[in-house]
Structures are given as structure tokens and as C-alpha cells.
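Let's take a walk through this one, starting with the empty spaces and then moving on to the packing and a few odd backbone spots. Have the viewer open as you read.

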Amino acid sequence: MCGRFTLFSSPEQVAETFDLPEPPILAPRFNIAPTQPVGIVRLDPAKQERTWMLTHWGLIPSWAKDPSMGARMINARAEGVPEKPAFRAAFKRRRCLIPSSGFYEWKQVEKGKEPYFILPADDGLFALAGLWEIWTGPDGGELPSCTILTTDANDLMAPIHNRMPLILEEGDWAAWLGSGGDDSPAALAKLQGLFRPYDGKKMKLRPVSTYVNSPRNEGEQCVEAV
């Protein structure tokens, strides 16, 4: 799964990496937790350009009675999104990339759980595969939300956890965002071919302090090796 991640790269680096028209407004985050604001990259179908949007982490389906449902939707198993009622519409038309400087996972050990920080081997950015929705409240207000897709763990992650975020290779970003405008069954089936573990050689990890366990804690201490 993916229950905590980071984005502490500069706005300029995010814009350059994800081909955004301008740097997004963001502050360094070292401990992003569920239900908190999360920035996503999506495709503006009218302009056919990538845009930045701030969303609530925890997807709220358009048909949900209230936004509390999102707390249970921070992750979506990639293999299930084409059929799951909460995700299938978003998989068809509202896919996104979630920039991340790295994510956390906890390993179960005899004395409890040990946190690890997993980041790109080149210290760049991951593109986590995501879905987004907009929920409209009774007063007409709109709340955008997102979820992070997960897949089977690769060789690097398997000793820690059996699942990991679905991380996309740069060459697959355009297809995932829907740049071709094709949402036919054949095109969606082709996207499911991306539901595979990221190359472990392009990642590195290190044990970190249990300081990160509390979502109230922020700052570089979260990612410092122990």
C-alpha cells in the first residue's frame, strides 16, 4: 500500500519533470498523510496540456452521500480499478500522476514496525499512478479528491511489504494521462499492461526514525537515515 509519502522537490523541478506550463505553488512536505492536500498532474482535455490541481487524498466517488467515504479510498489495487464501482469511471476518464520525492513503508518485525523511506535512485521524482474525482456537496461546492494505485511489490520492496505504489515510467505518462483521447475498451486494456512493479534498480531505500509514524511530525528529520 501507500499510506504516507513526500514531495520536497522544488516547484521548478516539479514543473520541468512533468512538463507543466508553470511551477506549482507548493511547500516542501516530508510526511503527507491521508485526507491531507495532495497535488496531482492531470491533462486539460480542452487545452491538451498538463495542469496542476490540489486534491484531497482519499477518493470520494461522485455518488457518495458524504465525503467521509474518502478516508477508506486512499489506495486502489490497480488490478481491480477497471471493475470496482468506486474507481471504474475515474480509470476510464480521470487518471493522473502524483509527483513524489519518495514514500514510506513499514516492515513488521518482532518488536513492532520499522519505517523505511523509498526514493528514486537518482534522487529525482517518482510519478505515482493515480485517479481523481470531483464530489459535489449539497450546497453545490466541489471537492476534488484522488487515490494512489498499488501493485505487487518488486524485489527491493518484497522484504518490507507485499504491495507498493504503482510507479510509472516516463515513457508511459502521456498514455496514462490520456493524451490520445482514446478511452475505448482496447485502449483501457492496454493501460492495464502498465500494472506492474517498478524496476527495483531505479529505487533505493533506507531505514528511518519512528518520528515519521505520527502524521503531526514534519521536516527533514522524517527522511533521515538511522
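Start with the pockets: the largest one has a volume of about 280 Å³. Its lining counts 15 residues, and those closest to the centre are L43, P45, R93, L177 and G178. If you want to find it by secondary structure, look for β3, α2 (88-93) and α3, the elements that each give two or more residues to this lining. By class, the lining of the largest pocket holds five nonpolar, three polar and seven charged residues. Keep in mind that you're looking at a predicted model.

The second largest pocket comes in at about 220 Å³. It has 14 lining residues, and D122, L125, E170, W173 and Y198 are the ones nearest its centre. Here the split is eight nonpolar, two polar and four charged. Why does a probe help with this kind of search? Rolling one the size of a water molecule over the atoms shows where empty space is left.

Now for the packing. Which residues touch the most other members of the largest nonpolar core? Out of its 60 residues, L149 and W176 do. Among the elements, β9 gives the most to this core, namely seven residues. Another core lies apart from it, made of nine residues, with F117, L119, V208 and V212 among them.

L149 deserves a closer look. Beyond its neighbours within four places in sequence, L149 is in contact with A76, A78 and V81, with A129, G130 and L131, with M164, P165 and L166, and also with W176 and F195. So L149 and W176, the two residues that touch the most other core members, are also in contact with each other.Next, helix α1, which spans residues 11-18 and buries V14, A15 and F18. Why do these buried residues line one face of the helix? Seen down the axis of α1, they fall within an arc of 95 degrees, so they sit along one side. The general background is that an α-helix has 3.6 residues a turn, so residues three or four places apart point the same way. What covers the buried residues of α1? The cover includes the strands β1 (5-7), β3 (37-44), β4 (49-57), β6 (95-100) and β9 (126-136), along with helix α3 (173-177). Right after α1 comes D19, with a positive phi near 55 degrees.

D19 leads us to other positive phi values. T35 is not a glycine, yet it has a positive phi of about 75 degrees. You'll find T35 in the loop between β2 (29-32) and β3. Q48, another residue other than glycine, has a positive phi near 55 degrees, and its place is the loop between β3 and β4.

How exposed are T35 and Q48, and a few other residues worth clicking on? Here's a quick summary.

| Residue | Relative accessible area | Class |
|---|---|---|
| T35 | 43% | partly exposed |
| Q48 | 43% | partly exposed |
| A89 | 34% | partly exposed |
| G141 | 33% | partly exposed |
| R216 | 75% | exposed |

Let's go through the last three rows. A89 lies in helix α2. Not counting residues up to four places away in sequence, A89 touches R94 and E133. As for distance, the C-alpha atoms of A89 and V14 are separated by 28 Å, with the two positions 75 residues apart along the chain. V14 is one of the buried residues of α1, whereas A89 is partly exposed.

G141 is found in the loop between β9 and β10 (142-152). Its contacts, once residues up to four places away in sequence are set aside, are W135 and T136. What separates the C-alpha atoms of G141 and P115? They are 26 residues apart along the chain and 38 Å apart in space.

R216 sits in the segment after β12 (203-207). How far is R216 from I32 in space, C-alpha to C-alpha? The separation is 9.6 Å, although R216 and I32 are 184 residues apart in sequence. Since exposed means over 50% relative accessible area, R216 belongs in that class at 75%.

Methods. Residues are numbered from 1 along each chain as its sequence is written. This is a predicted model: local features need pLDDT of at least 70, side-chain atom pairs count only at pLDDT 80 or more; totals for chains, interfaces and linings use all residues. Side-chain values use heavy atoms; hydrogens and water are left out. Buried means under 20% relative accessible area, exposed over 50%, partly exposed in between (1.4 Å probe, protein chains only). Helices (H or I, at least four residues) and strands (E, at least two) are DSSP runs, numbered from the N terminus. The arc is that of the directions from the helix axis to the C-beta atoms. Contact means heavy atoms within 4.5 Å. A nonpolar core is a set of buried Ala, Val, Leu, Ile, Met, Phe, Trp, Tyr and Cys residues joined through side-chain atoms within 4.5 Å. On a 1 Å grid over the protein atoms alone, a cavity is a set of points where a 1.4 Å probe fits but cannot get out, and a pocket is an open set with protein on both sides within 12 Å along at least five of seven lines; lining residues have an atom within 4 Å of a point. Grid points are joined across faces, edges and corners, and a volume is the space filled by probe spheres set on the points. Ala, Val, Leu, Ile, Met, Phe, Trp, Tyr, Cys and Pro count as nonpolar, Asp, Glu, Lys and Arg as charged, and the others, Gly among them, as polar.
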